[in-house]
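Biologist: I have just opened this one and do not know it yet. Could you walk me through it?

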Amino acid sequence: MIEEHVDVVVVGAGHAGCEAALACARLGLETVIFTMSVESIAMMPCNPHIGGSSKGHLVREIDALGGEMAKCIDRTFLQSKMLNQSKGPAVHSLRAQADKAAYSSLMRHTLEKQEHLQIRQQEVTQIVTDENNNLTGIMTISGTLWHCSAAILCTGTYLNARCIYGDVNVATGPNGTQAATFLTDSLKEHGIEMYRFKTGTPARMDGKTIDYSKMTRQDGDIPVVPFSFETDPASVQIEQMPVYLTHTNEETHKILRENLDRSPLFSGQIKGTGPRYCPSIEDKVVRFADKPSHQVFVEPQGRDTNEMYIDGMSSSMPEDVQIRMYRTVPGLENARIVKMAYAIEYDCINALQLEPTFEFKKIHGLYSGGQFNGSSGYEEAAAQGLYAGINAAMKILGRERLFIDRSEGYIGVLVDDLITKENHEPYRMMTSRAEYRLLLRQDNAELRLLEKGYRCGLVSEERYQRFLKKKQQIREEIERVKLLRIGAGAATQQCLTQLGSTRLSTSSTMAELIRRPELDYRSLSPLDPDRPDLPFDVQEEVNIEIKYEGYIIRQEKQVEQFRRMEEKKIPEDLDYDQVPSLRNEARQKLKNVRPSSIGQASRVMGVNPADVSVLMVYLKGRNRL
Amino acid sequence: MSYVSEDTIAAVATAMSPAGIGIVRISGPDAVRAADLVYRSPKGKTKLSEVPSHTIHYGTINDQDGQVIDEVLVSVMRAPRSYTAEDTVEINCHGGVLAVRRVLDTVIACSDRIPVRLAEPGEFTKRAFLNGRVDLSRAEAVMDLIEAKNDYALKNSVSQVRGSLYEKITTLRSQILYQIAHIEASLDDPEHLDYSSHIEELGESVGEWIRQIRHLIDTAEDGRLASEGIRTVIVGKPNAGKSSLLNLMLGEERAIVTDIAGTTRDVLTETINLQGITLLITDTAGIRQTDDRVEKIGVERAKESASGADLLLWIVDSSAPLDENDSQICSLLEGRPAIILLNKSDLDTVVEESNIRSLFENKEEGRSIPVLSFSAKQKTGFDELVGMLKDMFFRGKLSWNDEVVITNMRHCSLLQRSEESLKRVKESIDSRMSEDFFSIDLMDAYEALGGIIGEEIGDDLADEIFSRFCMGK
């Protein structure tokens, strides 16, 4: 038997695995990343986007912590948009169309170049532990034992994957790759509870058979805003590719309705739990029967391919139904399918089994991230991979763990939701899940998290110094405009009238004027001749911080309260059976989740405020709070 | 380690029963400042924040318009030498139960200036414990207390919210949730859904919601929201004059009154206020052995109501001889406050006070229950009845469960919270903020209303988004 020695093993080289492996290797740990196929590293087997509402926030947060996703998409995008621009700054969100092949190959090359990191195309079949449930290594299909201090499972949708459409039901992973069929059993043997989830993807069409003249062309933003705070904005002002909008109609829906009995979804062949936010077209037709039409976006998948992604029409219908229903859509009358739409079922875990560090409660040294944890989406996966990678590394290096709470980042919300709430469908990030979202903006991701990335060691000294300077500029400029008095003289009144605002009756401050709905920091520059020349992002930050100060202060107060409960830690060895007066339901739920703080305990479903009081009194009574 | 409370709480610290004095306790970092907002010394010069700890001060409690609510004695106890080990102010009210409540209302009403919230069940004790004022051996007792009180409050908060109120709140909540879901779905999937064209409509809805909630608050203050008062049950044989007595008290014809025995088949409940004492009065079907099925149900219910009563009014037809049924009723009276009315004193009477008293097995009890000669028809003896009620109440012989009051006040403060949140939504709309700002306040209103009917948020929003709005991909 061959034996190898490394510090960290990463299982899977999707968006989670890549971030996890890069983080560990960059922190100097000898790392190996296993993949079923090197050609599928950082593959995007479903939609061709990175970002979108709240997901764009995650990408920015990954960047602030020293992750790779933002930099990679900045160099491989086809089109970019800032969504929700007419709304408040907290919900502005970047969304890019990716050149899938370019993204995948750039990420692969980034891994290849990385010191301390080796790539291995091989299936991992077992985890190996000692008698104290410490992970000691993993075993590959060829029987090689890789000794390691930590392993990070990022198996995505590969575990016991089955792809299904119509009567076709085959054991393949996403996009026709090979499924991984052994690891689940090994995990179950170690007492890990598995779930089975389902998701799906639409067909890909041959671009030369599509009639774009019947669709509405949609272009990207000019100028483009990069994802990464480190990307030079000039470098992303490239020629963009358009996306096309079309619609389904009554004819499409009729075909689907008439063939519902042939859908494996309705016949019960598919058993996994699918996401409600990502319904197949047949699902939409059934659940929203009153809608005569659904939007369909036809999107490019790359510069070097004419394969087009039919966004909005995922399906698991048999081939003949798929062909007929797609052809009812304007512009797709003669379109030829390159890849059939399909549903995919896969094994994942119940993430309540994880510590807040993403280490398994039952197996020390074993971590997991990404879709394996019951989430969905490339960005959610990457964020978790980075988080699990950093935490595995911190533990090996004997350093302070990375912790992000719900008031510090969408990543904090994501992690906390996964380990606290039972998810019965793949978890997708949504802006409404973040209760302090006015503070968690994409513009201030660096201000929120860069310090943490620096402390972990993934942010360079040079970047950190640049950041400190930016922070200082913001602080000083906010102070300045708050003190800057604007007199009610003729020049002021004329300027305000020109800007469509009302006149001043008495003198005011620059900050007060910025707060008027119709004005902002930039438009008021004529009234501010001594204004220093500041970078764009600093100006933006100053504007937001002043304009929405009232709302921000209110949320900060809520955060203070929230933090106090988070700081009350629950001892790891607490025996809930010894806590008197706890209702049975609450006792069961708490035993299951084993929250680390009173705050987390209060978010467990089925635990009410009185239960939390009881718990606090019990802990206090034993001097343990 | 000392447990530092974040906020200041207030509640009635004595049972809502006996006559005269009731104590409103305020505890927490802002307790003294909050008390200063409502307290006025005789010369208007004394500030509680300036007085030494553990001193008592005479004065009045005034509402925001300067109206005097009650004459009081106020004691100031600074941390850590108080029951909760926090700064504590106790207001000793003299004006009876209603005054105690109004004083508490006034303190809470000032929370826009200094935040004071209504204490949760058992919260003073919990704080006392967390601050080490209650010893370890009592820890479990405290937990039991919190759990029991919470259970009670929860059960009550649902059961006391009457059918129509429950419906109103449920309707409001579902309307609010739909709007939040619409906003959030459109923020998450802006290419499929747009909300901005609905903002004006939302502004109108919010205005309407605020009006409805205000109406609920106003009615709540009349004591109609939750049944709060002395649960009084009128018992007696068929046609003894129970409904006539009720009508007399109500001052209007409500129950069906005929000469046919057994006409009141259902249980009627009315809230009446007799010179400051609130009675929740229930008229029951006449109690007698019966084979009539409909009437039988009524009789069962009457017995049930009687067993949960704070006060029984037994009305006896003094023109008809006592029989087996009267002995049955007699047994209902044992061990609870009661008044016996010898009705129909205008007719030829065959029943005397002594006949009644001799019915009681426990002779002492039989002697202690007051008996009044009465005529519902000629309205004689009514003033004596009211006088007797007042006397019993202020001597502390009558009381009711104070948890009801707490529940009621909880409802009120939750309604107020939802009203405030909705007002903020309105302000945001008026100042042309985008919908992502006000959906946060909408959520707060939704949560507060949920507290009234005992519902947590859980996955409501996600469920609503996915079931109502077709999200893209």
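Modeller: What follows goes from the overall build of the chain to its sheets, a helix pair, the chain contact and a few unusual backbone spots. This is a predicted model, in which local features need pLDDT of at least 70 and side-chain atom pairs count only at pLDDT 80 or more, while totals for chains, interfaces and linings use all residues. Residues are numbered from 1 along each chain as its sequence is written, and chains are lettered from A and ligands numbered from 1 in the order in which they are written.

Biologist: How many helices and strands does chain A come to?

Modeller: Chain A comes to 20 helices and 23 strands, where helices (H or I, at least four residues) and strands (E, at least two) are DSSP runs numbered from the N terminus.

Biologist: And what are the spans of chain A along its principal axes?

Modeller: The C-alpha trace of chain A spans about 85 × 70 × 50 Å along those axes. Its radius of gyration is 26 Å, which agrees with the value near 25 Å for a compact globule of 625 residues; the radius is taken over C-alpha atoms, and the globule rule is 2.2 Å times the number of residues to the power 0.38.

Biologist: Which domains does the assignment give for chain A?

Modeller: The assignment, which is automatic or from a database, gives domain 1 (3–156 + 179–198 + 350–454), domain 2 (201–342), domain 3 (472–552) and domain 4 (568–621). The centres of domain 3 and domain 4 of chain A, taken over C-alpha atoms, are separated by 49 Å.

Biologist: Now the sheets. In what order do the strands of the parallel one run?

Modeller: That open sheet has 5 strands in the order β7-β3-β2-β11-β21 of chain A, with pairing meaning that DSSP finds at least two bridges between two strands. Its edge strands, each pairing on one side only, are β7 (117–121) and β21 (366–368) of chain A, and the twist averages 20° from one strand to the next. Within this sheet, β2 (residues 8–11) and β11 (residues 150–153) of chain A pair in the parallel sense over 4 bridges, and V11(A) stands opposite L153(A) in β11(A).

Biologist: Which helix packs on that sheet?

Modeller: Helix α10 (residues 378–397) of chain A does, touching β2, β11 and β21 of chain A, and its direction makes about 170° with that of β11(A). Contact here means C-beta atoms, placed from the backbone, within 7 Å, and angles run from 0 to 180 degrees between N-to-C directions, with axes being lines fitted to C-alpha atoms, for helices over the stretch in contact.

Biologist: What about the antiparallel sheet, which strands form it?

Modeller: It is an open sheet of 3 strands in the order β4-β6-β5 of chain A, and β4 (49–51) and β5 (77–83) of chain A are its edge strands. β5(A) pairs with β6 (residues 93–98) of chain A over 6 bridges in the antiparallel sense, and Q79(A) stands opposite Q97(A) in β6(A).

Biologist: Changing topic, at what angle do helices α2 and α12 of chain A cross?

Modeller: The axes of α2 (residues 55–64) and α12 (residues 445–456) of chain A cross at roughly 35° and come within 8 Å. The residues of this contact divide into 4 nonpolar, 2 polar and 5 charged; Ala, Val, Leu, Ile, Met, Phe, Trp, Tyr, Cys and Pro count as nonpolar, Asp, Glu, Lys and Arg as charged, and the others, Gly among them, as polar.

Biologist: How many residues of chain A are in contact with chain B?

Modeller: 37 residues of chain A are in contact with 35 residues of chain B. The largest share of the chain A side, 7 residues, comes from α20(A), and that side divides into 15 nonpolar, 15 polar and 7 charged residues.

Biologist: Last one: where are the cis peptide bonds you would point me to?

Modeller: One runs from I222(A) to P223(A), with omega near -5°, and P223(A) is found in the loop between β15 (216–218) and β16 (243–247) of chain A. Another runs from A79(B) to P80(B), with omega near 0°, and P80(B) is found in the loop between β5 (68–77) and β6 (88–93) of chain B.

Notes: Two residues are in contact if their C-beta atoms, placed from the backbone, lie within 7 Å.
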